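Open the model in your viewer and keep the selection panel at hand. The stops below go from one helix to the sheet and then to the cores.

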Amino acid sequence: MSVTHPDYRLSQLDQLEAESIHIFREVAAEFEKPVLMFSGGKDSIVMLRLAEKAFYPAKVPFPVLQVDTGYDFPEVLACRDEWVARLGLRLIVASVEEAIATGVVVDDGRTTRNRMQIGTLLNAIETEGFTAAFGGGRRDEEKARAKERVYSHRDEFGQWDPKNQRPELWSLFNGRIHEGEHMRIFPLSNWTELDIWHYLDREQISIPSIYFSHQRRVFERDGMLLSDSEHNPLRAGEVAEERTVRFRTVGDLTLTGCVESTAATTAEIIDEIAVARVTERGATRGDDRFSEAAMEDRKKEGYF
């Protein structure tokens with residue numbers, strides 16, 4: 001239910017929701033073949049919930065696309081499938097494993113599966129002919145994402161030029177593209193991690209269980225707690241132990257860390273995040289720690 005102030009202004013959360021719904025409707029009207037990138041994580045779930053509201057009572061008028069590294073958390077994939085089944089969506093899975101097998105990307109033994117998502121994603125967009133791809137990126141996550149517009153132009157090679165972006169005055173978006181180009185669309189750009197959790201709490205939205213406190217065998221590497229897994233062999237001196245943890249963000253389990261936490265409800269997580277001084281990507285994503293410009297470098301090549 002919307003909450004209004006005595007002077008009939010919408011609450012901040014309702015304003016964010018309205019803005020995102022407006023973006024979804026604009027894209028659906030303007031672009032021939034959009035797709036929603038859906039990982040099964042909290043941000044993409046909120047994005048899908050907003051898309052559901054934008055077109056209700058009709059069905060969401062575009063498919064969802066997941067880039068599967070092969071190292072995704074089972075709990076996240078299960079939640080992804082639940083949402084797809086409930087809304088009756090077409091799910092396209094772009095597999096990094098398959099992309100390696102077919103030569104779309106090359107596994108040199110050094111490049112992470114996370115980085116190999118770039119070629120896999122671009123191949124899926126080109127193969128399917130998508131002209132716009134919704135992503136769940138938020139400006140508060142990372143400084144490269146803070147530079148990006150709501151409509152983010154990608155050239156015929158899927159590349160992003162941070163120095164050549166289109167102005168977005170008065171929420172007017174320029175969606176003109178040439179053949180072979182596409183737009184990345186970010187309906188959650190103005191949301192924060194705290195906004196996401198307030199919305200999840202208000203809407204009582206189902207998300208993967210690993211976002212909440214649970215027992216897990218973890219080990220410490222590079223200042224992060226990583227999951228003990230067959231995909232994460234221990235190195236010399238590393239010891240796995242049972243701890244009470246939760247995840248602030250989810251991705252490739254070989255690079256995504258968790259944090260020690262006893263927050264078992266959305267209300268407790270909101271209290272925890274309200275005093276956090278580090279963003280979820282800065283705290284728990286190893287792929288952003290390779291350099292100061294790691295995210296921006298990947299985004300220039302076509303990363304989401």
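Select helix H2 (42-55) together with strand E1 (34-37), E2 and E4: H2 lies across these three strands and runs at about 140° to E1. The model is a predicted one. Measure the ends of H2 next: its 14 residues should span 20 Å at 1.5 Å a residue, and the end C-alpha atoms are 20 Å apart, so the two values agree. Colour H2 by burial, and 12 of its 14 residues come up as buried, including Lys-42, Asp-43 and Glu-52 as well as Ile-45 and Phe-55.

Now show the strands. They form an open sheet of 6 in the order E3-E2-E1-E4-E6-E5, with mixed pairing. Strand E3 (91-95) and strand E5 (151-154) are at the edges; each has a single partner strand, so one side of each lacks a neighbour in the sheet. On average, neighbouring strands are turned by 30° against each other, direction ignored. Zoom in on strand E2 (residues 64-68), which pairs with E3 in the parallel sense over 5 bridges. Val-67 is found there opposite Ala-94 in E3.

Which residues touch the most other members of the largest nonpolar core? Select Phe-24, Leu-36, Ile-185, Trp-191 and Trp-197, out of 56 residues in that core. H2 gives the most to this core, with 8 residues. Centre on Phe-24: beyond its neighbours within four places in sequence, its contacts include Met-47, Leu-50, Ala-51, Ala-54 and Phe-55, along with Leu-36, Phe-134 and Pro-187.

Last, select Val-67 again with Ile-92, Val-105 and Leu-121: these belong to another core, of 15 residues, which lies apart from the largest one.

Terms used:
Residues are numbered from 1 along each chain as its sequence is written. This is a predicted model: local features need pLDDT of at least 70, side-chain atom pairs count only at pLDDT 80 or more; totals for chains, interfaces and linings use all residues. Side-chain values use heavy atoms; hydrogens and water are left out. A nonpolar core is a set of buried Ala, Val, Leu, Ile, Met, Phe, Trp, Tyr and Cys residues joined through side-chain atoms within 4.5 Å. Buried means under 20% relative accessible area, exposed over 50%, partly exposed in between (1.4 Å probe, protein chains only). Helices (H or I, at least four residues) and strands (E, at least two) are DSSP runs, numbered from the N terminus. Contact means heavy atoms within 4.5 Å. The expected span of a helix is 1.5 Å times one less than its number of residues. Two strands pair if DSSP finds at least two bridges between them. Axes are lines fitted to C-alpha atoms, for helices over the stretch in contact, and angles run from 0 to 180 degrees between N-to-C directions.
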